[in-house]
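Work through the exercises below with the sequence and the model side by side, and try each task before reading its solution.

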Amino acid sequence: MSTQEGESKPVALLQGTLDLLILRTLLFGPEHGQGIARAVQAMSGNEILVDHGSLYPALQRLEARGFVSAKWGTSGNNRKARFYTLTTAGKKQMTTERQQWERVTAAVARVLTAENPTG
Amino acid sequence: MWFRKHRDRDFAEEIEAHIRLEADRLIEEGMTEAEADVTARRTFGNVTLVRERFYESRRWTWFDQLRQDVRYGFRSLWKARAFAIAAAATIALGTGANTAVFSLADAVLLRSLPVEKPQDLVFLNAAGTEGGSGPPAYPYFSRLRQETRTCEQLAAFASDEMRIEIGGRPEQVMGQVASGNYFDLLGVRPMLGRVMTPEDEALDPPVAVISERFWRRRFGGDPAVIGKTLTQGKRTFVVVGVTPPEFFGLQPGSAVDITIPITTQEKLLTDSSSLWLQGIVARRKPGVSPAQVQAEADVLYRSFMADSRYPRDVVTKYFQRVEAEPAAQGLDVIRSRYSQPLHVLMMIAALVLLLVVANVANLLLSRGTSRSREFAIRIAAGASRARIARQLLTETVLLFAVGALPGMVLARWGVAAIESMFREGRRAIELDASLNGRVLAFSIAITFAAGVAAGLFPAWRAFRRDPDQALKEGHPRAGETRSSGGLAQALVALQVAVSLVLLVGAGFFSITLRSLGKVDTGYRGEGVLTMSIQSPPGYASAKATALWTHAVEAVRQIPGVRSAGVSTYTPLSGRDRGAIVRVRGYIPASDEDATVHTNQVSEGYFESMGIALVRGRVLTDGDAEDSVKVALINESTAKEYFGDRDPLGEILNFTRTGGDRSYRIAGVVRDTKHMNLREEPQRFVYVPMRQPRDVDSRVTLVIAAAVPGAEMNLLAPVRSTLAKVEPGMLISDVISMQSQMKTTLMTERLLAGLSEVSGGLAMTLAAIGLYGVLSYRVGRQRRAIAIRMALGASRSTVVAGVLRQSGLAVSAGLLAGLPVAVIAARYAANLIWGVKADDFRVHAAGSFVLGVVALLSACIPARRAASVSPVDALRES
């Protein structure tokens, strides 16, 4: 998955993190693909800009596992769009993945700030 | 596949929608339309790539997994070969039985005629308030054919056994007369030569079309058959074509051998009151409904019948209107007769399959417990429980598929056996119950359904299982969970219930067969041989009577022949003749009451058939053309028409349009069965062959052998004797009365045989199932039993415990099966005979037998439990 070349260096995203971001976005309510892409961009302060297309494998994976459900509907501008909604299982998964993410980042942070890694 | 394409298209739409929404946003943010579109696409990235990834991901997931599951399934089954083979054997029986029975049902009940667009065909039949009278007479057909606006084509046909001569040799075939456009209407194209055309009705020259079966049997499949001649009646016919193998005519169960133009029946073409046509078939014009055809035909019919010579009340009863019936499945002769027995057979087969499913499921459950460790390891390695469940399901379906293959072979063999059973006897029923698309589809469907049903049990268990628990269970020490035991018990109960239904069915059908076999037929069939003999064409009536007389006298001289006689027909032959008679002192309430069955018989007939004389005398050769006309009646006629009066000497008047015929009653004979073994005795009047009302060109020769059982040995001497009397005599339908009886009981034999076999199989499977479950449980509970015994429990208590466990499952099964058996018996009530369908003794007997079997199968595990030595068992751990 690529990020947009901007002023700052791209942040390498671990696979699965995108899933978490999508779930987080949908916490606010149902949204269509383009809206999710924009939201991720906005929430991450334009640090993580996703090739909009590469959002979809993650979305489809989430749908296949039952964490989101999708239905065709109409957008604000009266455009036809496919809206994704967070399911109950998805909410639970989000909590699990978020906890996991925080544990991993905390662990990484500890290793990085440790004085003697082999001590 | 459609679903996949739908998803692909859906996703493509979603991508476009995304890009449009992004473009809208960019426009809001200030871009121009053109810029926005380009930028939106660029931001999205490589659309083709994304779509391809989507396509690939969806395509391979389920298919890859399925392939894996199948490969793993094969490996598992191979590792447990013994079990797999045993299971596959029972599956073969279950699926084979169902496929065979469905083949039969398909051939008899479902199949359409092998003609073009059978659903556009209708049969036209007359009917009235009392019933139907078959197709209207030929003159009506002629008129309708000219005037019809709703039908594309109409054809008339009739078939019957026909005497033909090929190369001077007479033989009997199933012949059909039909309109010239018969084959064209049906869309039947010849496989050799040509078929009949309307021009052939001119009989210039007379042509014949033969069936493929007849061609192979009689002409050895020689292509030079075209142009050969055969004689029928006074005409010589040229064979012009052969119909394709699948065409047999319009009457399923009967196969027509040759077809000749209907115009050969000159006299009947103009007879408005004759009912000789077998059918009028019409092809509707496209867009025309059967109701419209019926309306048109009906209007014409009513005006046609207005000029009829029949009395008005007869017209109303039988010739009031014309109905158009769908002809797609042909004339219904065997369908209604075999519909219910076939349904019963299908139910039996379905129950057997249910039994097999329960049995296999139970086996799989017990195997599943021993595979716990395997599952636990797989779960620990990351497999989801759903995946394991799915794999188990696939494995079971695979097992069923493997078992179903030999099942198909069994089915074909079974079908062939039943087809030859149907072919026995005088009125052979030709069935083509071979495999076709529908049967194959059915077979695959039930195999799959059965596999899924059986596989659900272990799959469900695997799905619900907790990995930790599974690991523990793999250890021989652990106790058994309650739920798994309950499921196994429930399956045993199901098997017991199904077995009860099948056993009860077997009981009823066996009793039916045995009772019918013992029925007093009124005649003595042992050692009696019958055959049809037919005079050559051109015999005048007096000559024919003389011929029978000579034939019978000659046959009586053959050593080994006790007595001989002739008659128009014999009991259970399926043939019938009737007439309306009047006697002094009896006022019939309706025509029905004044109708009797008639049979023309010679002297020696009653002696040969072993029909006892009750009063008066039998016929002698003194009862000839010049003496007083006498007749014999049977007991029913005597009782009905004369009550307590002595019928001897009374006059019997046959009423016919134009003159009475009077016969004096000279004797009373015993009632005999006529059409089947179950009916009430019918009224019969026997008229001497030498004082006939009609002269038959074809009669039945009845020969009683001096030694019962040796009657078939008389066949050769009889043939040569008859050939000396008249070389052109045609001999056919040779059958002993005992074989005839067997043929009459064919349905009962089929039902009894199949239900007995499945009852036995059911009992065996249920016993094995119970034994398996119990011995497994006892094996698991060895420690518990040992502890209990060490604490002082006696052996008998332990045995009682085991028996109690089995008793629960068996009682539950019996309780569940009983109401089903009762309902099933009521459904099949009119097939059962000799015992009432609600006779509870049969149900009780079935339950008792099953109970005993269950007890016996519980014996060994119980003994094993009792023989557990506490010290050894405890030491093992």
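The exercises that follow deal with cores, a helix pair and some single residues.

This is a predicted model, in which local features need pLDDT of at least 70 and side-chain atom pairs count only at pLDDT 80 or more, whereas totals for chains, interfaces and linings use all residues. Residues are numbered from 1 along each chain as its sequence is written, chains are lettered from A and ligands numbered from 1 in the order in which they are written, and side-chain values use heavy atoms, with hydrogens and water left out.

**Exercise 1.** Find the largest nonpolar core and state which helix gives the largest share of this core.

*Solution.* Begin with the term: a nonpolar core is a set of buried Ala, Val, Leu, Ile, Met, Phe, Trp, Tyr and Cys residues joined through side-chain atoms within 4.5 Å, where buried means under 20% relative accessible area, exposed over 50% and partly exposed in between, with a 1.4 Å probe and protein chains only. The largest such core has 91 residues, and those with the most contacts inside it include Tyr338(B), Val360(B) and Leu399(B). Its largest share, 16 residues, comes from helix α11 (residues 335-370) of chain B, helices being DSSP runs of H or I with at least four residues and strands runs of E with at least two, numbered from the N terminus. Next, take Leu399(B), whose contacts (heavy atoms within 4.5 Å) include Leu77(B), Phe83(B) and Val360(B), not counting residues up to four places away in sequence. Finally, a second, separate core of 45 residues includes Cys151(B) and Trp276(B).

**Exercise 2.** Describe how α11(B) and α23(B) pack.

*Solution.* Helix α23 spans residues 746-780 of chain B, and α11(B) packs with it at an angle of about 15 degrees, with their axes 10 Å apart; axes are lines fitted to C-alpha atoms over the stretch in contact, and angles run from 0 to 180 degrees between N-to-C directions. The pair is therefore roughly parallel, a term for angles under 35 degrees.

**Exercise 3.** Which residues does Thr447(B) touch, and is Thr447(B) buried or exposed?

*Solution.* Locate Thr447(B) in helix α14 (residues 437-464) of chain B. Thr447(B) counts as buried because its relative accessibility is 7%. Leaving out residues up to four places away in sequence, Thr447(B) touches Thr95(B), Phe400(B), Ala401(B) and Ala404(B).

**Exercise 4.** Where is Leu572(B), and what is its phi?

*Solution.* Leu572(B) is found in the loop between β13 (561-567) and β14 (578-583) of chain B. Its phi is near 65 degrees, a positive value in a residue other than glycine. At 4% relative accessibility, Leu572(B) counts as buried.

Key: Parallel < 35°, antiparallel > 145°, perpendicular 65-115°, else oblique.
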